[in-house]
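Please open the model in a viewer and keep the selection panel at hand. The tour proceeds from one selection to the next.

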Amino acid sequence: MMSFLQTYGAQLLVKTWQHLYISAFALLLGVIVAVPIGVLLTRANGTVANVVMSIASMLQTIPAMALLALMIPFFGIGKIPAIVALFIYSLLPILRNTYLGMKDVEPALIDAAKGMGMTSGQSIIKVEVPMAAPVIMSGIRLSATYVIAWAALASYIGAGGLGDFIFNGLNLYRTDLILGGSIPVIILALVVDWLLGKLEAAVTPRTTQA
Amino acid sequence: MEHLNKTYPGGKVAVEDFNLEIEKGEFVCFIGTSGSGKTTTMRMINRMLSQTSGTIKLNGEDISKMDPVKLRRQIGYVIQNIGLMPHMTIRDNITLVPRLLKWPQDKMDERAKEMIKLVELPEDYLDRYPSQLSGGQQQRIGVVRALAADQDLVLMDEPFGALDPITREALQDLVKDLQERLGKTFVFVTHDMDEALKLSTRIVIMDGGEIMQVDTPDGILRHPANEFVENLIGKDRLIQARPSITTVGQVMLKDPIATTPGKSLTDALRLMHDKRVDSLLVTDEAGILKGVIGIEDVDYNFNSATSVSDIMKKDLFYVQSNSLIRDTVERILKRGLKNIPVVDDNHRLVGIVTRATLVDIVYDALWGDEEADEETNNIHHGEDEDADSASAKGGEA
């Protein structure tokens, strides 16, 4: 193990950073797009919401390798097609949790907010999103885990990341390279999940005194 | 509100031709069974729902032409589920509307303190969260939240329905007190007749989207407009509510001692002696009240007059048996009379109200509440057994 680190240590750091960078970018885009859509869906009628949810579910069923390969005609190879593909995967869990979390907010609260003269926007920002925050966050956590795992595949289209170790290991039949790529992916996923768990606790609205 | 209609898609009529004018400072209760349209009507006032036709005017201004958000900020709103924001402190909950109206911070802090004092909760509750308060305390906050931005009109939708009876009563007292002290106008939806009778200055009884009756609590108890209203009030409550609508006939002593004008003074004196009374009412053979003679009159005129008709006083004060105690008792007390004859519509003597009867009435009016249960029992026995006990039940408060 020490010898592995001596040989590949610097490379490992670079690849881990690439991996994290691709995943974070994709997830961030996912949040930026899916949360507002999820919020807006609660204001749209049921049919629209169903259609949007179905589309997101459909995107989720495309095999990861196929989706990555499909990106090449549009974006070539490298980081960008990888980020776009991972972003598409991150959408559904975030979208679904945002929508359901918002729908689950006690109707009495929304009624009270409206009845006291909040605009629809104020109600969303001050009441509904804070109340739905824990559910939305758990969707983001789920997406983060998926995205980090699938980012390993992105090396196939030249995006770099820890997937490079794994694919090299497979090609060269080197178990140490395979493990050297997959163990950091696992650790990365766990650490990110733990950090987002902390964030989830932080955004969960306080309902009792400290 | 004029000719207000609300029809839901699919033709279900929720409110039909609703007309009502509410004066400033009134406490109006909408009462009815589920689906009577009472909540629907209330929610149209702050445009939580919009009417199918008709107009609602607030201070002369058609609300359908107002910005609904601005409109709602000037109308207090209290709902059954309380609807406090669980992620905001009590302070932030109370000052929610002022914050929407962008009041300066110090004014909001001051208002929060003022408001929590109003509902008799300690000031340090301001930093607590709703989940740390009991249901009753939460709804107290719900009530002042609806007053914090100086709203003149407060809408309440079965606000105390989910509370236990003791808490509910305390909150009813609080709301009534606030309304009387602050002179706000309340529109209160309930299905609890006791609540409506206790709180309102006027009650609007609704059924199937239509107004059945609009009247004061007294008016509704005394003159229920139709069978539906009677059923809604309930037979029990009609009996309980009697103190305010007790008639003289219900409390008078029956079979008063009376004589006829043709009787001699000797006979009259003997009758007084036998019955241990100091005066006699005089009626003709048909029982029509003619006058009264007292022992002083008999003594003074014993030698000069022969028959009762010679000395009886004809101009005497009497009351109708179907007049209300409430209206009558003061007149009786003012005149300082000992006995007041009671007559029916045909001027026939039917009973007498004595000073002792008045004592019972006053006694019950002051302390009757505490003994209400006991008294009610007495009446049920008393009525069958003994007509004379009528005076004892003088108006079970």
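Which residue is the bridge partner of B:Val282 in β15(B)? Select B:Val282 together with strand β15 (residues 289–294) of chain B: the partner there is B:Gly291. The model is a predicted one.

Next, select strand β14 (residues 279–283) of chain B. Buried residues, those under 20% relative accessible area, make up 4 of its 5 positions, so the strand is largely enclosed by the rest of the structure.

Display the backbone of β14(B) and β15(B). These strands are antiparallel and are joined by 5 bridges. Between them the hairpin has 5 residues, and B:Gly287 there adopts a positive phi near 90°.

Now add strand β13 (residues 258–259) of chain B, which runs parallel to β14(B) and is linked to it by 2 bridges. Selecting B:Thr259 shows that this residue stands opposite B:Val282 of β14(B). To follow the connection, select helix α14 (residues 265–275) of chain B: the chain passes through this helix on its way from β13(B) to β14(B), and the β-α-β crossover is right-handed.

Finally, select the whole of chain B. Its secondary structure consists of 19 helices and 18 strands, and 50% of its 397 residues count as buried. Colouring by atom type puts the surface in view: the accessible area of chain B is about 19200 Å², with 47% of it belonging to carbon and sulfur atoms. Of the contacts in chain B between residues at least 6 apart in sequence, 62% join residues at least 24 apart.

Methods: Residues numbered from 1 in each chain as written. Chains lettered and ligands numbered in written order. Predicted model: local features only at pLDDT ≥ 70, side-chain atom pairs only at ≥ 80, totals over all residues. Heavy atoms only, no water. Buried < 20%, exposed > 50% of the residue type's maximum accessible area, 1.4 Å probe, protein only. Pairing = 2+ DSSP bridges. Right-handed = clockwise from strand over helix to strand, strands pointing away. Contact = heavy atoms within 4.5 Å. Areas by Shrake-Rupley, 256 points an atom, 1.4 Å probe, with all protein chains shown as cover.
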